[in-house]
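Okay, everyone, thanks for coming. Let me put the structure up and walk you through a few spots on it.

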Amino acid sequence: IPECWPEEIKHEGHTISVSDLWFVGHHMGKLCTKVATVDHLDAGSVHLSDGSRLDADIVVVCVGFTRNTALCEKLTGLDTMKTTNYVDKHLMYLADAEIDHGAFNWFFGSSVLEYAKFFTEVYVAGLEHEEQVGEMLWGADLPTTRIQDRKWSQFIASSSKLVKAAADGIPYFAEAAHSQVERRTRHFYSTLPPVAYVKANEAEWVELHTRLNGGIPVPPELQLPY
């Protein structure tokens with residue numbers, strides 16, 4: 001299982017198209033997944049840690065990733081940060097993190113761009129309203145994590161708390177979130193309305209079966225249900 005999907009193949013709310021390829025490929029018998037590590041190789045096979053052996057002509061190392069946090073730590077001399085993305089007062093580090101459970105069920109989803117848009121507004125609010133929001137952003141009592149251990153759920157939890165601060169008379173973060181969602185929704189409806197989106201997505205689903213079948217269309221009754 002890729003490092004970005006700890007304990008589960010497909011997380012709740014996960015809509016990345018690579019997952020479609022994985023599911024359709026297995027449905028069509030084109031893929032087989034084994035969860036193990038490589039123990040050793042021989043001339044024509046891979047021996048796994050669970051004792052099994054796989055025949056292999058080619059072995060491609062392409063599953064999982066390592067987050068590069070060395071630059072941030074080298075530049076700042078710090079290896080921990082607040083889960084609000086602040087490394088220190090008025091010093092924020094925005095970068096991707098481990099995509100853990102629930103990462104796709106929030107207004108910025110799994111998009112690094114949308115996450116960065118929101119926390120850029122948070123940073124601006126910290127500059128303009130430091131006396132009012134400073135402790136909420138870089139205060140000593142906030143949750144802290146090692147930079148290399150950051151998780152997407154931490155971003156969600158911290159942004160949720162900031163948005164809910166509107167109930168206490170601090171509206172900046174909720175206003176930023178609402179504005180961001182409104183702009184994105186308006187753009188979505190103007191460029192690809194839901195009906196057109198579903199129609200295009202269904203066509204891609206059928207095409208995926210065709211491609212995995214060597215260019216030969218797969219009868220609807222043999223396709224993985226959309």
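So, the second largest pocket: its volume comes out at about 210 Å³. Keep in mind throughout that this is a predicted model.

Which residues line that pocket? Going along the chain, you have Thr83 and Thr84, then Met136, Leu142 and Pro143, and after those Gln154, Ala157, Ser158, Lys161, Leu162, Ala165 and Asp168. And which helix gives the most to the lining? That's helix H5, residues 152-164, which puts in five residues. If you sort the lining by character, you get six nonpolar residues, four polar ones and two charged ones.

Now let's go to the surface. There's a nonpolar patch there of about 570 Å², and the residues that make it are Phe188, Tyr189, Leu192, Tyr197, Val198 and Tyr226. Two elements each give two or more residues to this patch: helix H6, 172-191, and helix H7, 194-212. Tyr189, for one, sits in helix H6.

Hold on to Tyr226 from that patch, since we'll meet that residue again in a moment. How many aromatic pairs turn up when you search the whole structure? The search finds 20. One of them is Trp205 with Tyr226, and that pair is edge-to-face, with 5.7 Å from centre to centre and 80 degrees between the planes.

Why point that one out? Trp205 is in helix H7, while Tyr226 is in the segment after H7, so the pair ties together parts of the chain that lie 21 residues apart in sequence. So Tyr226 is a member of the nonpolar patch and also a partner in that link back to helix H7.

Conventions: Residues numbered from 1 in each chain as written. Predicted model: local features only at pLDDT ≥ 70, side-chain atom pairs only at ≥ 80, totals over all residues. Heavy atoms only, no water. 1 Å grid on protein atoms, 1.4 Å probe; cavity = no way out; pocket = protein on both sides within 12 Å on 5 of 7 lines; lining within 4 Å. Points joined across faces, edges and corners; volume = space filled by probe spheres on them. Helix = DSSP H or I, 4+ residues; strand = E, 2+ residues; numbered from the N terminus. Nonpolar A, V, L, I, M, F, W, Y, C, P; charged D, E, K, R; others polar. Patch = residues over 30% accessible without salt bridge, like charges linked within 9 Å, V, L, I, M, F, W, Y side chains within 5 Å. Areas by Shrake-Rupley, 256 points an atom, 1.4 Å probe, with all protein chains shown as cover. Salt bridge = Lys/Arg side-chain N within 4 Å of Asp/Glu carboxyl O. Phe/Tyr/Trp six-rings, centres within 6.5 Å; stacked < 30°, edge-to-face > 60°.
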